[in-house]
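Work through the following exercises with the sequence and the coordinates at hand. Each task is followed by a solution that proceeds step by step.

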Amino acid sequence: ATPKDTLVLAWAIDDIITLDPAEAFEISAGEIMGNTYDRLVRFDINDPSKLYGDIASSWTVSDDGKLYTFKLKPNLKFASGNPLTADDVVYSLQRAVKLDKTPAFILTQLGWSKDNVDGKVKKVDDLTVTLETDKPYAPSFVLNCLTANVSAIVDKKLVEANAKDGDMGYGWLKTHYAGSGPLKIRDWRANEILAMERNDNYYGEKSKLPRVIYRHVKESATQRLLLEKGDVDVARNLEPGDIEAVSKNADVAVTNTPKGTIYYFSLNQKNPTLAKPEVREAMKYLVDYDAIGQTFIKGIGEIHQTFLPKGLLGASDEKPYKLDVAKAKELLAKAGLKDGFTITMDVRNNQPVTGIAEAVQRSFAQAGIKMEIIPGDGKQTLTKYRARNHDLYIGQWGADYWDPHTNADTFARNPDNSDNASSKTLAWRNDWNIPELTKKADAAVLERDTEKRAQLYKDMQKDVLATSPYVIIFQMIETAGVRKDVKDFKLGPTSDTTYTFKASKS
Amino acid sequence: MGESHATDARLSKPLLEVEDLRVSFPSRNGPVEAVRGVSFTLGRERLGIVGESGSGKSQTGRAIMGLTPPHARITARRLAFAGTDLMQLSARERRSFRGERIAMILQDPKYSLNPVMTIGQQITETLRAHSNVTRAVARDRALDMLEAVQIRDPARIFGLYPHEVSGGMGQRAMIAMMLIADPELLIADEPTSALDVTVQLQVLAILDRLVSERGMGLIFISHDLRLVSSFCDRVLVMYRGRIVEEVAANRLNDATHPYTRGLINCLPKIGEDRHPLPVLDRRPEWAE
Amino acid sequence: MTDALAVNNLTIYFEDFAAVDDVSFNVSAGSSFGLVGESGSGKSTVLRAIVGLAPSSGGEILLDGKPLATPRSKAFYRHVQMVFQDPYGSLHPRQTVDRTLAEPLAIHGIGDGERRIARALDEVGLGKGFRFRYPHQLSGGQRQRVAIARALLLEPKVLLLDEPTSALDASVQAEVLNLLEQLRRERQLTYVLVSHDLAVVTHMCERLLVMQKGQAVEELSAQALAARQIGTAYTRDLMAASTGFKRE
Amino acid sequence: MAVVETHRPGDIKPGRPRARSRSLAAASGIGRFLVIVVLTYLGLLAVTFFIGRVIPVDPVLAIVGDRAPTHVVERTREELGLNKPLIEQFAIYVRNVLTGDLGTSVLTSNRVIDDIRRVFPATLELATLGTLIGAVFGIPLGVLAAVKRDSLVDQIVRVIGLVGYSVPIFWLGLMALLVFYARLGWTDGPGRFDIIYEYTITPVTGILLLDTAMAGEWDAFRNVAGHLILPSALLGYFSLAYISRMTRSFMLNELGQEYIVAARAKGISESRVIWRHALRNAAVPLVTVIVLSYAGLLEGSVLTESVFAWPGLGLYITNSLQNADMNAVLGGTIVVGSVFIGLNLLSDLLYRFLDPRTKRR
Amino acid sequence: MTDMAQPQHWRAWLLSDRPASRRQARLGRAYAGWQRFTTNKLAMVGLAIVLGLVLVAAFANVIAPYSPVEGGDLRTERLLPPSAAHLFGTDDQARDIFSRVVYGSRITLFVVVLVAIIAAPIGLVVGTVAGYAGGYLDAILMRITDIFLAFPKLILALAFVAALGPGIENAVIAIAITSWPPYARIARAETLTIRSSEYISAVKLMGASPWRIVLRHIMPLCVSSLIIRVTLDMAGIILTAAGLGFLGLGAQPPLPEWGAMIASGRRFVLDQWWVAAAPGAAIFIVSLGFNLLGDGLRDTLDPKASDQ
Ligand SMILES: Nc1ncnc2c1ncn2[C@@H]1O[C@H](COP(=O)(O)OP(=O)(O)OP(=O)(O)O)[C@@H](O)[C@H]1O
Ligand SMILES: Nc1ncnc2c1ncn2[C@@H]1O[C@H](COP(=O)(O)OP(=O)(O)OP(=O)(O)O)[C@@H](O)[C@H]1O
Ligand SMILES: [Mg+2]
Ligand SMILES: [Mg+2]
Ligand code: NI
């Protein structure tokens, strides 16, 4: 059994490698950051298009659309007891840019860099901060960037006290906590446990439970056992079969929410066969979407074929493709591949991608395409993918922040297709050279009229759907099994918006 | 008192009676008879058993001890020790005879002493298995016994492990181990064949003295006719599991059986110039 | 005339232990020389040193007056062969008699194997029936005969015999000793025979060397021994022990 | 997985080992022994290191993630010294190790040494209990089987052993969890203890049974024990299978020796013949078997650990390996190597202690 | 009548202690071994299982009612419990598990045979050469062996598979690489005792070269204990292969490798137990078969054991 005052979640948290918000970019780390660090703004998890001030009480955007002024709430305090002021906000944003870790691009895409950020992010007074962007981006885009974890506010005093050799506390914060969120991190033992406690200095509604603990459990079956036995309150990595089973359990409720993650496989255009437009199209007809939807992703995903996941601005729910072997064969014949061909697919060793890959393998076979599955550990297939050495690659892509640009940027932009390009977008990884689309994407992010902007994205999705080397299969639905005595546990649309501090137990 | 008592006993009844003893081992091609109807009686005397390798000497000795491997079959019309029929006894009763009343010295001290127990432990163990003596008393008795088998520094040897002593020393320790409980019958299975010739005689001298002093019966198994004839009172000659001849030791040269005669003759002797040596011409009827 | 084999001041150390300490003797061609002594006195080690199986730390070994090369040449092995003590250990347990005997012929590239093997078996008194048996199908005496046949196949001049009969029953011993004598006569072989049994050595050899703890105690002729013309107490002890038990 | 979970020491054959060929310490003198240890270590490190570098996984990827821009990837690569020649990287690594620095794990952000200090006791506790169970039950069973050779008891013991050798551990583990934890509720579930005790238990040694007992936290102790039952019983079963089998074979060998006949000739009781004489001799090779099987368990049993969500060494190394977290893998390998060398030494010492023949006069 | 007499005649011919030809001697020896082997009932069971495995592998296409890789309709035929149509039920790709298990025997056999013919010879050569040569060569070879022994086996295998890329052939190589050291040790230990035996001295005295001695005289003697050990290890090899498959690094899908089948079936172990149970049972039975066979071979081939 679990303690009354503690919410215990079983979750695969082995992806956490750091607790520093300027660096953390993994799914579970995202959720921890979301619960433990405040930021200027957040979006409403019930309607992600709505933004509200977190530590900002209000903000304004200048007419030229480049200067953002934030007013902070007064009398804020960090968990450490230090007051939270504009200094901390400026420090945090500058720090993220200067450290330039992986998620820093979310901020640097606003035109900030190591060298100029001191001039772009400025304190006006203790409760006022201004941010200046290099272009008049859509405000929704800029503000959404500020909801990301990389924009979280760290305790300047505390961090600096632990800094070494001017590393801005980088070494220390990897394993420590310096925030002001509703929960504070008490303890992290990699691959074992992450424990959070109520932060009594939090400005808003305090956490109902004094303690929230994540237990690292990898196996779905094990999670299910623990959940059914009441040894955890929430199980987070249940697979379809287990979901079905726990949903029959009277003590357990199943909750879910669509996530900003989509699963797709892509065709490397370096491979001349795959570069043929007919082949690209044929493959989209060679996936048994329905069967996959009813089996491998039942309860954890729904069929989705466009590159913007549902819930993002402008997301389109078009599903023109379904299994049609005859049509595919026709297309292949047109491409001069009547007798099919042989191809490999790099597949990460986990579910549901392996199952889907096998299903795809079978439907490919019907059209004479012999597909060999090359299983690999995650990092292994990724290494290959990033080196553009694959034929087919199956994987997922999750939104980095809640704005359509995050996916447009990677699926539909490829500013430099040379081998040593600086940004290795998905288009780049598949050697898909698309100057036209790139321009469209660049324009869309500057469109300040939300309606128009949404339309731009809709158009792009249509293009991508028809011509791209991506076969997008489904959008993830995150599902959790929750014991009945847990109240108000709600999964957020992004990883950093699952707010465990709102949960309580009866 | 030992001497007179022994004499009485010798007169009253034989120590060991063996009649039609058979030992057979099952094998795929039917049972293999290692001992095929051996009969003899033994008083308080030195009885030698000779014969070539595989003739069943050891198995005879082991059958008397009850140490035949479990899968073997033993039958005997009579196998009695001091009047008690050994065949009728339970395993436990049989065990109580072993060591205490009948003891056996095995051939090779290198393999017959437990390598991980000290000599002293192994000697006192026999004693403590049969009588309720304290550790200290057992130790004293063991030291005495070691001295009796001509070990010069008993206290030191007592604490040594078998590998730390020479073959001759080990053999003496073995003798001490078997004699400490004062058995009435000692079976010595080739007790000296692993030893150097010079040591061999010393060991035999010890055995000889013990027999004459304690009045115990001795079965001396060996393949060395010359040794047996000079050491024992009476000799049984075995061939293929049977006794082919029984002679008084000092009359060995007058043995009648061609097998026995052959065995004696085929040995080279110093100072005799026989080229070629006579060889044994085995006849099937000997085995009948 | 030079001796067939001469051992001069041979010394052999195993680490710090002198297994053989300054031992010398000569064996003239066609004669038989005996080495006696108790277990561990270094008899086998001397023989093994001659054939190069034991390292010699000092002294020299001359064959027909010529010092031996280390390692020994192939030709050497056609000149000198050895028969070991343990008939159970000296035959490869997984090889038939035939295979065992074919081996030396194969190594030295000697043709006509069929006939030679058949003849060798005949010579040692084993008929055809034994040719394809495995060692476990042979008795000790038969094995020793195979070992002798193997040694003879290379037609050596010198045969070293390391206790060839000590593992055998007395009756079998007589057969093997007779065989060895007969072979020596027929082939004019030179023997060096090791034994712990004085009787065997005097039976077989003209001269013998008594060893104790790696050292030569005394060298004497078989007649001298039979006549009890013994120089050392140790040899006298050995002598006494070999006559049987004497009750004081 | 019997092989994976327990190392079958290959060189141990039933038989009375007179001269033990594979004896690390038999190398005369401490000096030579040390040289051997150092060489073994270096070899271990070199092999691990170069395997780590040829694995087609970019170690930087584990740190910066998939989304990182090229310049971040390149900078990180430089920071980690991964752009230097392999030999140089290896030299640097060895130098650091010599100064006692195993480096930092990129996955956990901790010093590798701290990580290992955390995960190793978990494995240690499990392996120790497993081996204890295996020895306590396996030895008597093996003895019994040998004494009653070819009887029903013997067959049963052999079958128990064979089943242990043949059944996949991950499958059995899952089944055991299902039955004893989920259905019957007799034992506690995966993990080392229930969350309730998360902050009652303060790890001192990391061996929680000890920690809780020393702190007098008996509730926690009971909970920890409850969690240990299944995995340790499982590992115990596997080592039991192995130990009983080896015991049987050693005992059969000893029971065939002449000194057993001699012992029986003394008229001592059969139980004394078996336990005092035969087993005491069989114990000599047996300790090596047990110690090496213990070493196998200490290396961490990835599959058991993964089924029981046990935060141990095996999982740690496997996980690090899959993410090309080479500092952690190398650190783990050093520990495993040390365990192996240390236990080999221990088995050698025990061997010398148990077998008087190895002592110099 | 003749029918009855004939076997007797053959038997006598085979068991003759005076074989008249090399062939008769060899056959006789084999027959005697076989006879000893047949008295061991458990070993016969083991042999039957292993033969069964070989037969099933050979006739997989005849025995299996369905294709092992092409499944039925995902919507209707997925995860069906055992029934007359699907003896062992179907898996998550709607494939007939019985057919997969049947075809899987080929892979298992492939792994087992390949590992045996890679690892055992390596171990044999390293061990005998080290043992016979002694000195530096011995020291070097044994250090290398020690290093490989000091590795956690599965992790070494994992590393190799990771380095070589997944796939059944690479898994085999990885397992072979991790499993030769014990063989080398056995071979070396045995060589050390054989080396000082008199029959080796005798061959040396014939003037045989070291290579000849090692190859023709020592190796054949080490082979039998190696065969025993390899047979006993077969179970372990199958389990390691399954473990690699379980960790996703063995066979590539959709190959019906038993370990990988358990790995994918393990997700359903709580509700659709048959998915993991069938390959689990297959592994268990085959492992058991090899173990029984190994035990029997030990009794037959090990001269020490057969003396008892
Ligand atoms: N355990 C056994 N199983 C089968 N046969 C056996 C067994 N023990 C002994 N034999 C057989 O019994 C016969 C007699 O053996 P025994 O040991 O009594 O001979 P021995 O006269 O003592 O010979 P040695 O002088 O060689 O010691 C031999 O043929 C032997 O093969
Ligand atoms: N390879 C070796 N290493 C170390 N010591 C050895 C070696 N070979 C022989 N010795 C020692 O050298 C001494 C002489 O041994 P050798 O075998 O020559 O004796 P032996 O006279 O033939 O005895 P036996 O009659 O028992 O055969 C013995 O003490 C023996 O232990
Ligand atoms: Mg005997
Ligand atoms: Mg000798
Ligand atoms: Ni292992």
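In sorting residues by character, Ala, Val, Leu, Ile, Met, Phe, Trp, Tyr, Cys and Pro count as nonpolar, Asp, Glu, Lys and Arg as charged, and the others, Gly among them, as polar. This is a predicted model, in which local features need pLDDT of at least 70 and side-chain atom pairs count only at pLDDT 80 or more, while totals for chains, interfaces and linings use all residues. Residues are numbered from 1 along each chain as its sequence is written, chains are lettered from A and ligands numbered from 1 in the order in which they are written, and side-chain values use heavy atoms, with hydrogens and water left out.

**Exercise 1.** Describe the shell around ligand 2, taking a residue as near if one of its heavy atoms lies within 4 Å.

Step 1. Ligand 2 is surrounded by 13 residues, the closest being S39(C), G40(C), K43(C), S44(C) and T45(C).

Step 2. By character, the shell around ligand 2 comprises three nonpolar, seven polar and three charged residues.

Step 3. With helices (H or I, at least four residues) and strands (E, at least two) taken as DSSP runs numbered from the N terminus, helix 1 of chain C gives the largest share of this shell, three residues.

**Exercise 2.** Find polar contacts of ligand 1, that is, pairs of N or O atoms within 3.5 Å.

Step 1. The side chain of S58(B) places an N or O atom 2.5 Å from an oxygen atom of ligand 1.

Step 2. From the backbone, Q59(B) has an N or O atom 2.8 Å from a ligand 1 oxygen atom.

Methods:
A polar contact is a pair of N or O atoms within 3.5 Å; within protein, one must be able to donate a hydrogen and the other to accept it, and residues adjacent in sequence count only if both atoms are side-chain atoms. A residue is near a molecule or strand if one of its heavy atoms lies within 4 Å of it.
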